[in-house]
Every structure is written in C-alpha cells, then in structure tokens.
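Here are a few short exercises to work through with the model open beside you. Try each one before reading its solution.

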Amino acid sequence: MSFELNGRPVSFDGDPQMPLLWAVRERFGLTGTKFGCGIAACGACTMHVNGNAVRTCVLPVQAVANAQVTTIEGISSLDTRTAVQEAWLSHQVPQCGYCQSGMIMAVEALLAQHPEPSDEQIDAAITNICRCGTYDRLRPAIHAAAKQRRELGA
C-alpha cells in the first residue's frame, strides 16, 4: 500500500494490521512520535492523517492507504520551529518531553481548525496525558501560538 509521509510518497509492504506508529518508526525510521499507552488514550502517538490529529498506536497502517500522514518531523526542520514549538519553549511546557510530540501535533491540528481557539475548544481538543503535569501551561502556550500564527498570517 502507498501513502504520503511528510510530503513524500512511500510504500509499505508489511503487515497491513501493524499500527501506523510502528510502521512509521520501524519501517521509515521516524522516531519523533512516541509510544505511550498502546490504547489510544494518552496521545503520545498523535500524527496527522489528512490534517486530522489521530492516535496511531491502534490505527492499522492499511487505514492510511492513499492518505497524507504527517509526523512531528514533518512540521518543521532543525533550523525552523513552528509557532507552537516556539510557544512551548517560551512557556516552558515540556518537562521530560516524552509526550510533547503528540501534544504539539494535537495543537497544530486544533489551530488549523480553530485559529483563535477558546479555552473550551482547547480543553475539548487537547486530551493528551502528560505525566509531568504541565497542564496549567498549555492554554497560555496555545493562545500565544495562535496569536503568533495570526500575526504571521499562517
């Protein structure tokens, strides 16, 4: 089966029931997306599938045939950071950092859908679990990222 991974066409000839997370990590060597709970509860495995935030630890790779898949590696480079990544640093959201790629992907999807999200929209969309407990920093960081994106016209 074929799909687009971070803007490039790829083919996968392994087990079609393999979770997308493992296909991306093991077959394509992109390890920025993390395994957390294995039951799609924590969100550490969040990627974008056709622009939507999806928890990939339980999503069979066959479900993304002909789809556009974006990982944390696909949203920026080492030289550039997104507004969300900048806000994450300035608001000191990451602690251990393990869940952060999933959170950032969830926030990017939220801001693509709601450029100026309310607190209620943030609470509804960002249900990722952080064992370090940095939840009180999320809303200010998301509002700052949204403001920066609007100012940049992104």
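**Exercise 1.** Which residue in β5 does Val 49 stand opposite?

*Solution.* Keep in mind that this is a predicted model. Start with the strands: β3 covers residues 46–49 and β5 covers residues 68–70, and the two pair in the antiparallel sense over two bridges. Now look across from Val 49, and you will find Val 69 in β5.

**Exercise 2.** Work out how β3 is joined to β4, and what the turn looks like.

*Solution.* First, find β4 at residues 52–55; β3 and β4 run antiparallel and are joined by four bridges. Next, pick out a facing pair: His 48 stands opposite Ala 53 in β4. Finally, follow the chain from one strand to the other. The two strands form a hairpin with two residues between them, and in the turn Asn 50 has a positive phi of about 50 degrees.

**Exercise 3.** Are the residues on the two faces of β3 buried or exposed?

*Solution.* Begin with a general rule: side chains in a regular strand alternate between the two faces of the sheet. Then sort the residues of β3: Thr 46 and His 48 are on one side, Met 47 and Val 49 on the other. Buried means under 20% relative accessible area. All four of these residues are buried, so both faces of β3 are covered.

**Exercise 4.** Describe the largest pocket and its lining.

*Solution.* Take the space first: about 310 Å³. The lining has 15 residues, and Ser 76, Ser 77, Thr 80, Arg 81 and Gln 85 lie nearest the centre. Helices α2 (83–90) and α3 (100–113) are the elements that give two or more residues to this lining. By character, the lining residues divide into six nonpolar, six polar and three charged.

Definitions and conventions: Residues numbered from 1 in each chain as written. Predicted model: local features only at pLDDT ≥ 70, side-chain atom pairs only at ≥ 80, totals over all residues. Heavy atoms only, no water. Buried < 20%, exposed > 50% of the residue type's maximum accessible area, 1.4 Å probe, protein only. Pairing = 2+ DSSP bridges. 1 Å grid on protein atoms, 1.4 Å probe; cavity = no way out; pocket = protein on both sides within 12 Å on 5 of 7 lines; lining within 4 Å. Points joined across faces, edges and corners; volume = space filled by probe spheres on them. Nonpolar A, V, L, I, M, F, W, Y, C, P; charged D, E, K, R; others polar.
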